[in-house]
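Trainee: Could you walk me through how to read empty spaces and cysteines in a protein model?
Mentor: Sure, let's take a look together.

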Amino acid sequence: MKYGFVKVAAAVPSVKVADCKFNAQEIEKQIVIADGKGVQIVVFPELSLTGYSCADLFAQSLLLEQAEFALMQVMNNTRQLDIISIVGMPVTAGPVLMNCAVVFQKGKILGVVPKTYLPNYKEFYEQRWFASASTLPDNATVRLCGQLVPLTANILFDTSDTCFGVEICEDVWAPIPPSSGLALKGAEIIFNLSADTENISKHAYLRSLLAQQSARCLAGYVFASSGFGESTTDVVFAGNGLIYENGNLLAASERFSFEEQLVVSEIDVERLRGERLVNTTFAASVRANASGQPLRVSAELVASRELTLSRSVDPHPFVPSGSRQLDERCEEIFSIQVAGLAKRLVHTGCKNVVVGISGGLDSTLALLVCVKTFDKLGLPRKGITGITMPGFGTTDRTYNNALSLMASLQVTAKEISIKDACIQHFQDIGQDMSVHDVTYENGQARERTQVLMDYANKIGALVIGTGDLSELALGWATYNGDHMSMYGVNASIPKTLVRYLVGWVAQTGVDTLSRNTLLDIIDTPISPELIPADENGNIRQKTEDLVGPYELHDFFLYHFLRFGARPAKIYYLAEIAFRNTYDSTTIKKWLTIFFRRFFSQQFKRSCLPDGPKVGSVSLSPRGDWRMPSDASAALWLKECEELQG
């Protein structure tokens with residue numbers, strides 16, 4: 001298994017009702033294609049060897065005999081392949097007939113899983129032909145294709161790379177699906193053989209159901225449902241092949257296709273394990289449902305070639321795709337920020353806030369949050385004091401944008417230059433003004449924070465922090481300078497999302513003059529402006545030239561914190577996500593810097609001001625991230641060094 005990925009497939013073959021030989025040939029063809037694509041486990045629809053809609057033909061001994069012969073044919077013709085296959089067929093077990101999934105590999109049947117919940121309502125009449133898995137005794141077996149094999153729904157298939165379980169169609173529609181129990185007993189991937197019929201709105205419900213089940217189980221979920229060729233006497237089968245991972249859809253088939261389909265993707269089992277490790281509710285559920293241990297069957301999982309991902313890797317994981325989703329996400333995030341600040345103002349009885357306005361993205365977003373909060377609380381905007389504090393690196397562009405934005409938003413605007421105060425301070429400590437070192441930069445940042453804090457005391461206000469999540473991760477803040485505030489509204493907003501939030505407000509929530517200013521702020525290079533401008537008056541100190549592209553760092557941060565991914569895996573994913581943007585050497589360089597800075601700058605995060613959590617990743621020392629300030633980065637940096645960049 002490479003980086004924790006298991007390649008799986010949901011197959012939707014062509015089918016002819018009651019023609020077992022034809023169905024076997026189609027299944028065999030799909031298995032060969034899947035194996036050629038490097039698929040390790042493939043699942044087929046319910047009763048795929050006979051067709052689901054055979055109805056009373058299931059009572060015909062000839063059909064049952066031919067189904068077994070067909071299974072034997074498929075196993076014999078694929079016994080040289082490493083792939084694990086799961087097909088559906090009717091299986092006779094003593095005096096009863098069962099709707100089963102047969103799991104086999106290299107000509108050997110690993111286990112037979114009977115369906116537990118048999119629908120017997122509306123268009124379904126399965127209890128007319130089949131018996132439920134619940135009627136079986138413990139440790140039941142069945143002889144199939146000359147092999148004596150386990151026959152139970154309480155079975156897990158163990159490989160060196162993952163553990164998987166199987167359920168059939170209606171099982172997942174039950175209030176407590178068998179897959180819930182299988183996941184708590186160790187299954188990381190669930191395969192569902194289905195014959196799902198179509199009607200209006202059912203497909204959307206099905207997708208929601210599978211997404212929720214995979215999320216509840218913290219598992220992968222692979223769903224293969226009958227398609228074209230099944231009987232349309234009373235219903236239609238659309239051929240749904242769906243692959244989910246912890247609530248996220250990875251791949252889907254084309255509905256109502258007249259051709260066979262093979263839906264392939266990779267499930268990140270390593271990520272799922274990481275989710276389960278940190279989710280204490282999942283662990284508690286495992287303990288609470290410890291009875292009824294499953295039968296465990298060992299299997300071999302072999303990757304036939306070097307891993308090539310077919311699933312997409314989003315280069316901007318914090319930013320939702322699609323304009324509608326982005327609008328909805330921005331509105332939700334902005335509302336969380338507003339609600340957090342509103343509570344703090346109501347609790348303190350404070351009706352004034354102070355914000356340092358630089359003309360950059362972060363301070364702009366903080367100001368917009370303040371404006372919206374005051375509007376919702378019915379407070380006059382004049383209670384918001386925006387202070388612009390020109391220094392040695394302030395450019396005309398950011399200065400004018402700061403003044404213009406405060407004027408158009410009708411907040412109280414103040415200008416307090418920090419130049420004279422910093423010159424006096426540098427003289428006091430013996431700092432050479434021509435030496436633009438860390439003392440030169442941090443002295444200005446701390447002077448600005450002192451101005452904000454003292455002015456807030458003067459007017460009885462709260463200082464609203466502007467720093468974002470990306471800066472906190474990299475430690476790109478002056479300790480006890482812009483690092484400090486009385487409430488940090490941007491503390492869990494990554495830099496890549498800040499830009500979109502400001503853009504969203506520009507398009508949806510402000511007047512034309514403010515919109516034009518906001519759009520120019522979005523286009524301004526990111527900079528703390530602590531170094532004098534160049535000879536043309538343009539920003540000389542560009543943050544991304546110094547610490548690296550924020551889109552890379554946000555990508556690193558997301559996979560490191562959200563899923564506990566190691567440097568090698570993050571590097572592998574980043575190469576895919578940014579293949580047209582950055583070369584391997586560049587990615588390795590900034591990944592190394594990310595880990596070096598992330599570990600060395602924890603001391604700043606250990607004493608963060610309060611601020612609202614808005615997403616799944618947060619660095620609050622009181623909430624999501626507790627880390628010693630003196631933890632060693634050696635393991636992570638060593639792996640970075642070993643990367644082939």
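Trainee: How do the residues lining the largest cavity divide into nonpolar, polar and charged?
Mentor: Keep in mind that this is a predicted model. The lining of the largest cavity splits into six nonpolar, six polar and four charged residues. That wall is made of 16 residues, and Gly467, Leu472, Asp482, His483 and Leu608 lie nearest the centre. The space inside the largest cavity is about 150 Å³.

Trainee: How does anyone find empty space in there?
Mentor: You roll a probe the size of a water molecule over the atoms, and that shows where empty space is left. Here, the count comes to two cavities of 30 Å³ or more.

Trainee: What volume does the second largest cavity have, and which residues line it?
Mentor: Its volume is about 70 Å³. Pro13, Ser14 and Val15 are among the residues lining the second largest cavity, and so are Ser226, Gly227 and Glu230. By class, that lining has three nonpolar, five polar and two charged residues.

Trainee: Now the cysteines. How many disulfides does the structure hold?
Mentor: A disulfide is a covalent bond between the sulfur atoms of two cysteines. This structure holds zero.

Trainee: Why does cysteine 145 have no bond?
Mentor: Because the closest cysteine sulfur, in cysteine 20, is 12 Å from its own sulfur, too far for a bond. The cut-off is within 2.5 Å. Cysteine 145 is also buried, at 12% relative accessible area.

Trainee: And what about cysteine 350?
Mentor: The closest cysteine sulfur there belongs to cysteine 370, 11 Å away, so that is too far for a bond. Cysteine 350 is buried, with a relative accessible area of 10%.

Definitions and conventions
Residues are numbered from 1 along each chain as its sequence is written. This is a predicted model: local features need pLDDT of at least 70, side-chain atom pairs count only at pLDDT 80 or more; totals for chains, interfaces and linings use all residues. Side-chain values use heavy atoms; hydrogens and water are left out. Buried means under 20% relative accessible area, exposed over 50%, partly exposed in between (1.4 Å probe, protein chains only). On a 1 Å grid over the protein atoms alone, a cavity is a set of points where a 1.4 Å probe fits but cannot get out, and a pocket is an open set with protein on both sides within 12 Å along at least five of seven lines; lining residues have an atom within 4 Å of a point. Grid points are joined across faces, edges and corners, and a volume is the space filled by probe spheres set on the points. Ala, Val, Leu, Ile, Met, Phe, Trp, Tyr, Cys and Pro count as nonpolar, Asp, Glu, Lys and Arg as charged, and the others, Gly among them, as polar.
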